[in-house]
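Trainee: Could you take me through the barrel for a close look, strand by strand? I'd also like to hear how it fits in with the rest of the chain.

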Amino acid sequence: MFTPETKITELSGVGETIAKRLKLIGLSTVRDLLYYYPFRYDDFSKTAVIKDLKPNTSVNITGQVELIQNTRSPRKRMHITEALISDDSGQLKVIWFNQPFIAKNIHEGDKISLAGRVENDYSGIIMKSPVYEKLSAGTAVHTQGIIPNYHLTANITQKQLRFLISQVIKQSAISEWLPKQILESQKLLPLAEALKKIHFPQNLNDIEIAKKRLAFDELFIIQLQSQLIKNELRQSQATPLPFPEEAIRDFVSSLPFKLTDAQKKASWEILLDMAKQEPMTRLLEGDVGSGKTIVALIAMLAASLNNAQAVLMVPTEILAKQHFASIQKLLQAQNINICLITHSEQKTNLPDFTEKSKAKTKQALFDKIKSGEIKIIIGTHALIQEKLEFANLDLAIIDEQHRFGVEQRKILIDKSRNTKDKKQNNFTPHLLSMTATPIPRSLALTIYGDLDISIINEMPPGRRPIITRVVSEDNREKAYAFIRNLIAQNQQVFVICPLIDISDKMGIKSVNEEFKKLDKEIFPDLKIGMLHGRMKAKDKDAIIQDFINNKIKILVSTSVIEVGVDIPNASVMMIEAADHFGLAQLHQFRGRVGRGEHQSYCLLFTESDNPNTLVRLDAMTKYADGFSLAKIDLKHRGPGEVYGALQKGFPELKIASLFDYTLIKAAREEAEKIIKENATLNNFSSLKEKIKLLEKSDYLRG
Ligand code: ADP
Ligand code: MG
């Protein structure tokens with residue numbers, strides 16, 4: 001018997017090469033295979049007899065091979081395999097193209113099962129390129145009944161995958177983890193049965209009931225985790241930080257711009273939360289450029305006016321430096337000590353703060369954080385990795401929240417529990433997470449049930465709209481000429497490439513190719529830079545720095561890279577194979593331009609002439625806000641697809657729908673019941689284990 005942890009290499013038929021290929025699509029254990037659901041099914045449940053075949057239908061037949069031979073097409077370009085199949089009712093011609101090996105696999109006299117499309121040919125009715133299998137081996141798994149289809153990677157076939165999955169379904173010990181009470185009250189299939197039915201259903205109803213069980217699982221575990229966090233928070237305490245109303249008003253009126261109403265409302269909600277003893281857990285959502293930083297700064301200022309410390313943690317060094325520089329400027333008139341902590345740089349606004357060596361400077365800074373002299377600390381992951389101690393960390397803000405994991409948030413909270421008292425009282429700082437992902441409120445509540453949400457739904461006034469165009473291949477040359485002209489005026493360009501090959505997870509291949517093309521063929525005279533996810537942080541930062549300094553004119557990047565930084569001189573966002581991206585994601589790319597004085601452009605390249613695709617892309621030219629675009633996207637695609645690429649933390653829902661409110665409600669109620677009954681989950685060891693697994697997989701939350 002296999003266990004879920006059994007390595008794929010222990011299955012029959014999996015050698016090193018195949019294991020490597022399977023790994024490319026994330027399959028390395030039996031568990032991975034069990035949960036690799038089909039994306040569609042072929043219904044070959046009706047077996048036909050040859051005499052009744054009608055053109056333009058998909059069917060399954062069984063018969064005997066009368067004749068099989070390879071020929072070449074008249075122009076010798078193509079191998080053709082022709083076979084004659086018979087059953088009791090008649091004979092049928094079958095052909096395959098460019099698969100000469102088929103004539104080696106099937107022989108005259110074999111009993112075979114075929115599934116495929118029947119067409120009319122000059123010679124009568126034929127079957128073209130059917131899936132075939134010999135029946136000598138037993139019952140058909142590829143050509144009869146309801147046949148699962150899986151997403152594949154190069155050099156793995158549906159047949160291979162089905163073979164492996166049928167192995168693990170037959171031979172795995174699948175233990176039930178849902179408590180019996182839930183299975184009964186929700187009338188759900190046992191897990192083993194659901195997994196069997198989702199892969200190899202006997203009929204369409206099997207798919208339905210299997211889906212219900214597996215979807216319930218996904219939603220239930222999210223709800224359970226939410227409830228656990230909520231429960232924990234209920235028992236923890238923060239330091240109440242009263243709203244220093246007058247000082248904040250003065251500060252706001254001293255700003256070089258007027259806050260938008262949405263910014264005011266969000267700040268107000270945050271400041272009220274912070275005044276409570278119950279820890280704030282708020283998510284601040286706002287489009288790229290909507291001005292979240294200033295809201296964060298107002299919260300940090302309120303904390304420091306209460307003599308408390310605040311940290312702002314961001315995902316990249318460049319972003320940390322930018323935040324430090326702009327916050328330092330905005331706080332000039334205030335008498336507040338701030339500092340920057342990244343792995344490569346530590347600095348502060350305290351005057352004359354340089355020691356003899358870098359190490360000493362760092363130590364002196366750390367000392368001042370520990371003593372509480374420094375109030376606002378801005379930094380990267382270094383904040384939690386370094387041996388940093390705080391005096392009284394009462395506010396933690398996480399920018400680009402989806403880039404951080406639960407673990408990292410936990411470490412930060414742990415660091416704030418610096419006294420015995422705080423440890424014992426489950427002290428928790430007020431937490432504010434920020435994101436640019438436009439998740440509608442109703443949806444956010446279902447996923448982040450334990451968070452409060454503030455939304456900035458308007459842009460600061462005076463932004464010049466970005467001109468967006470869908471560009472067909474015919475106009476590519478013109479687009480290059482246009483770009484060249486802007487670069488001659490000293491402006492800069494982003495080029496984003498999608499991951500074309502799903503096994504090329506980091507998108508290195510496509511970015512490399514695009515970079516070479518632009519660098520060697522199209523713009524050999526210009527300096528071009530390249531960014532992808534496999535580069536070292538230091539190298540990435542160096543490239544971005546060169547781009548900021550206008551040394552690099554065109555920056556070619558994967559979508560994996562988020563350039564959350566301000567590059568006001570970049571005026572063109574060019575996106576290759578734009579149809580590969582969701583609208584919300586395209587919108588985020590677009591948000592990287594239009595931040596400076598130049599008129600900015602977003603050019604969406606596509607080779608597609610599919611009308612649906614073009615309508616979808618066209619929405620980009622009509623709407624300038626992320627929420628509208630996300631809503632349109634959600635109509636066409638599931639939330640997992642819409643947000644998966646934007647939000648690493650977005651729960652990976654393979655099968656559940658976030659719009660299945662009935663099932664969500666059921667999952668939430670069951671989760672609440674469990675927590676009420678036994679909040680430690682000590683009586684539900686399988687649930688406890690599941691939650692642990694979830695945290696380990698770095699399921700990120702707000
Ligand atoms: P994001 O929400 O993407 O983090 P930022 O906070 O970086 O956006 O703000 C984008 C830019 O808009 C910054 O240069 C900031 O100074 C400016 N900004 C923020 N709020 C306003 C406002 N109310 N009026 C004008 N400019 C603003
Ligand atoms: Mg920001």
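Mentor: Happy to! Start with strand β2, residues 57-72, which pairs with β5 in the antiparallel sense over 8 bridges. Keep in mind as you look that this is a predicted model. To find the pairing on your screen, look for S58, which stands opposite R117 in β5.

Now follow β5 itself. This strand covers residues 111-121, and with β6, residues 124-134, it forms an antiparallel pair over 9 bridges. The connection between β5 and β6 is a hairpin, with 2 residues joining the strands. You can trace this pairing through two of its partnerships. N120 in β5 has I125 in β6 as its bridge partner, and S113 stands opposite E133 in β6.

Let's put these pieces into the whole sheet. What order do the strands take in the closed barrel? They run β2-β3-β4-β6-β5, which makes 5 strands, and the pairing is mixed. On average, neighbouring strands here are turned by 55 degrees against each other, if direction is ignored.

Where does this sit in the chain? The domain assignment gives domain 1 as 43-149, domain 2 as 245-275 + 291-435 and domain 3 as 467-623. Notice that domain 2 is written as two stretches. The residues of β2, 57-72, fall within the range of domain 1, and so do those of β5 and β6, 111-121 and 124-134. If you then look across to domain 3, its C-alpha centre is 47 Å from that of domain 1.

A second sheet is worth setting beside your barrel. This one is open and has 6 strands with parallel pairing, in the order β16-β21-β20-β17-β19-β18. Its edges are β16 (467-472) and β18 (528-531), each of which pairs on one side only. Neighbouring strands in this open sheet are turned by 20 degrees on average, again ignoring direction. For one pair to find by eye, try β17 (residues 492-497) and β19 (residues 554-558), which pair in the parallel sense over 5 bridges. Within that pair, V495 has V556 of β19 as its bridge partner.

Finally, turn to ligand 1. There are 15 residues around it, and those that come nearest are K258, G289, K292, T293 and R463. The shell holds 4 nonpolar, 6 polar and 5 charged residues. For some polar contacts, begin with K258: one of its backbone N or O atoms lies 2.8 Å from a nitrogen atom of the ligand. K292 uses its side chain instead, with an N or O atom 2.9 Å from a ligand oxygen. At S290, a polar backbone atom is 3.5 Å from an oxygen atom of ligand 1. How much of the ligand does the protein cover? On its own, ligand 1 has 570 Å² of accessible area, and the protein covers 74% of that.

Conventions. Residues numbered from 1 in each chain as written. Chains lettered and ligands numbered in written order. Predicted model: local features only at pLDDT ≥ 70, side-chain atom pairs only at ≥ 80, totals over all residues. Heavy atoms only, no water. Near = heavy atom within 4 Å. Polar contact = N/O pair within 3.5 Å; in protein donor to acceptor, adjacent residues only side chain to side chain. Areas by Shrake-Rupley, 256 points an atom, 1.4 Å probe, with all protein chains shown as cover. Nonpolar A, V, L, I, M, F, W, Y, C, P; charged D, E, K, R; others polar. Domains from an automatic or database assignment. Pairing = 2+ DSSP bridges. Helix = DSSP H or I, 4+ residues; strand = E, 2+ residues; numbered from the N terminus. Axes fitted to C-alpha atoms, helices over the stretch in contact; angles between N-to-C directions.
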